[in-house]
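Hello,

Here is the structure I promised to pass on to you. Have a look at it first, and then read my notes below.

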Amino acid sequence: MAVLPVLIYPDPILRQQSVAVTLFDDALDTLIQDMLATMHAHKGVGLAAPQVGILQQVIVMEFEGKKMALINPEIIPMKGTTVEEEGCLSLPDTRVIIERADKIIVKAQNKKGQVIQIREKGYFSRIIQHETDHLKGILIIDKAPLEHVFPQADHTL
Ligand code: ZN
């Protein structure tokens, strides 16, 4: 396992579309392991492949003991929304208040290429939505009006 460098905004790779994974091989397994190691090293709860410079539809999450890797995820939002603050490993010192779907259905593949469909809610659902946005080049700063984007550090006018 290797800890990979995380790309930081405004790296242009973060704005590109990721392609669907078609090869479910050892290289994909290694990428997943490396992404999990990188996420842990940075104390994150999720990571998308483009954040480590790989434009493939791979995301990993780990939150409150639940660990998951999803390939080619597709999100179907269900009823209800929640509003919470989010950060991003590619946007250090930035927090954004974002409204997202609470309950979602996710269609995806696992690392063996098997098609899976899962239901998620709450913060884990939010993490999956955040990471899936990365696969489309969407960042948290796109999701909120500017007055909801603020640095953690004190700022003066
Ligand atoms: Zn992020």
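Cysteine 88 has a relative accessibility of 11%, so this residue counts as buried, the limit being under 20%. Please keep in mind that this is a predicted model. Histidine 134 is buried too, with a relative accessible area of 2%.

Both residues belong to the zinc site: the ion is coordinated by Cys88 through SG and by His130 and His134 through NE2, at 2.0 to 2.2 Å. Along the sequence, the spacing of these donor residues is C-x41-H-x3-H. Cysteine 88 and histidine 134 thereby link distant parts of the chain, 46 residues apart. The cysteine sits in the loop between β4 (81-86) and β5 (94-101), and the histidine in helix α2 (residues 122-134).

Now to the sheet. It is an open one of five strands with antiparallel pairing, in the order β1-β2-β3-β6-β7. β1 (46-48) and β7 (115-120) are at the edges with a single partner strand each, so one side of each has no neighbour in the sheet. From one strand to the next, the twist averages 40°.

Within the sheet, β2 (residues 58-63) and β3 (residues 66-77) run antiparallel and are joined by six bridges. There, valine 60 is opposite alanine 69 of β3.

Two helices go with this sheet. Helix α1 (residues 26-41) packs on it and touches β1, β2 and β3, with its direction at about 40° to that of β2. Helix α2, the one holding histidine 134, lies across β1, β2, β3, β6 (104-109) and β7 and runs at about 155° to β2.

Enjoy exploring it!

Best wishes

Methods. Residues numbered from 1 in each chain as written. Predicted model: local features only at pLDDT ≥ 70, side-chain atom pairs only at ≥ 80, totals over all residues. Heavy atoms only, no water. Donors = N, O, S within 2.8 Å, 3.2 Å for Na, K, Ca; no water. Helix = DSSP H or I, 4+ residues; strand = E, 2+ residues; numbered from the N terminus. Buried < 20%, exposed > 50% of the residue type's maximum accessible area, 1.4 Å probe, protein only. Pairing = 2+ DSSP bridges. Axes fitted to C-alpha atoms, helices over the stretch in contact; angles between N-to-C directions. Contact = heavy atoms within 4.5 Å.
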